[in-house]
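Colleague: Please take one aromatic side chain in this model and look at it closely, then follow the structure outwards from there. I am a first-year student, so go one step at a time.

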Amino acid sequence: YDPRRNNVGPLAGKFSGSFRIYDAYTLVANPTMTMANLANLPVSGVHVDDFLAGKLLMSNYFAKILHQSWPAEFDHNDMIRATRMPLGHAAKRWRQVGESDIDGNAIQQGQEGWYYDWWRGLHCLMGKEGYDAGLCLVRPSWDKFRCVGMTFKIGYKAVVQLPTGDRNDPTPGL
């Protein structure tokens, strides 16, 4: 299995359950999107970047609505598709000394900074910056979630570190 979906062979992309149908979808990336105007996002036939995927997951949308509106990103179980590759802006937050990650590790002095968000401890929303840095993991689709909501892992500090409140940061208020 090739995580970049460059599968080869006579059946590659031809069976009815193939995710290759989403390859032609247009990427929507809007780092100024707020929770209040998520309803203005285009649906059907688009990919959303990792930043917007994080916003949508933290919204009040039901799993069924997420899957019906953005099938390239979300499955029926309120999860990001296991085969989805990181796209666009990353979903990340500033983490302070003393905050604990999903594995119980506390951030020590000198480790504070921007960390990628992990949905339910399974899927890292690292965007293109993390993908280009080689941090991408494809999780098995049968994995069970480890927590509710967003979390972080100390081993996944954001590649792009910006000062707190930097106007170029795509993630304020996530």
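Modeller: The model is a predicted one. Trp-94 is the place to start: its relative accessibility is 27%, so it counts as partly exposed, because that class runs from 20% to 50%. Trp-114, in contrast, is buried, with a relative accessible area of 5%.

Both belong to the topic of aromatic pairs, of which the structure holds four. One of them joins Tyr-22 and Tyr-25: the ring centres are 5.3 Å apart and the planes stand at 70 degrees, so this pair is edge-to-face. Tyr-22 is buried, at 10% relative accessible area, whereas Tyr-25, at 24%, is partly exposed. Trp-94 and Trp-114 form another edge-to-face pair, with ring centres 5.9 Å apart and planes at 80 degrees. This second pair links distant parts of the chain, since Trp-94 sits in strand β3 (residues 92-95) and Trp-114 in strand β4 (residues 113-116), 20 residues apart.

To place these strands, consider the whole chain. It has three helices and seven strands, and they follow one another along the sequence as β-β-α-α-β-β-β-β-α-β. Of its 174 residues, 44% are buried. Take the contacts between residues at least 6 apart in sequence: 61% of them join residues at least 24 apart. The accessible surface comes to about 9,400 Å², and carbon and sulfur atoms account for 54% of that surface.

From the two tyrosines, the next step is His-47. This residue lies in strand β2 (residues 46-48). His-47 has a relative accessible area of 11% and is therefore buried, as the limit for that class is under 20%. Its contacts beyond four places in sequence include both Tyr-22 and Tyr-25, and also Thr-26, Leu-27, Val-28, Ala-72, Glu-73 and Leu-87. With Glu-73, the side chain of His-47 also makes a polar contact of 2.6 Å.

Leu-27 leads on to Gly-88. Setting aside neighbours within four places, Gly-88 is in contact with Leu-27, Asp-49, Gly-127 and Lys-128. Gly-88 belongs to the loop between α2 (63-69) and β3, the strand that holds Trp-94. With a relative accessible area of 24%, Gly-88 is partly exposed. Along the chain Gly-88 and Val-48 are 40 residues apart, but in space 8.0 Å separates their C-alpha atoms.

Helix α1 spans residues 50-58, and eight of its nine residues are buried, so the helix is largely enclosed by the rest of the structure. Those buried residues are Asp-50, Phe-51, Leu-52, Ala-53, Gly-54, Lys-55, Leu-56 and Leu-57.

Gly-54 and Leu-57 connect α1 to Met-150, which touches both of them. Residues up to four places away in sequence aside, Met-150 also touches Met-58, Arg-93, Asp-117, Trp-118, Trp-119 and Leu-125. Met-150 is part of strand β7, and at 16% relative accessibility it is buried. His-123 lies 27 residues from Met-150 in sequence, with 9.6 Å between their C-alpha atoms.

Strand β7 brings in the sheet. Strands of a sheet pair through backbone hydrogen bonds, either parallel or antiparallel. Here three strands make an open sheet, ordered β6-β5-β7, with antiparallel pairing. At its edges are β6 (123-124) and β7 (150-151), each of which pairs on one side only. Strand β5 covers residues 118-119, and two bridges join it to β7 in the antiparallel sense. Within that pairing, Trp-118 stands opposite Thr-151. The face of Trp-118 has Lys-153 lying over it, at 4.0 Å from the ring centre.

To go back over the route: Trp-94 in β3 pairs edge-to-face with Trp-114. The tyrosine pair touches His-47, and His-47 shares its contact with Leu-27 with Gly-88. In the last part of the route, Met-150 is in contact with Gly-54 and Leu-57 as well as with Trp-118 and Trp-119.

Technical notes
Residues numbered from 1 in each chain as written. Heavy atoms only, no water. Pairing = 2+ DSSP bridges. Helix = DSSP H or I, 4+ residues; strand = E, 2+ residues; numbered from the N terminus. Buried < 20%, exposed > 50% of the residue type's maximum accessible area, 1.4 Å probe, protein only. Contact = heavy atoms within 4.5 Å. Areas by Shrake-Rupley, 256 points an atom, 1.4 Å probe, with all protein chains shown as cover. Phe/Tyr/Trp six-rings, centres within 6.5 Å; stacked < 30°, edge-to-face > 60°. Lys NZ or Arg CZ within 6 Å of the ring centre and 35° of its normal. Polar contact = N/O pair within 3.5 Å; in protein donor to acceptor, adjacent residues only side chain to side chain.
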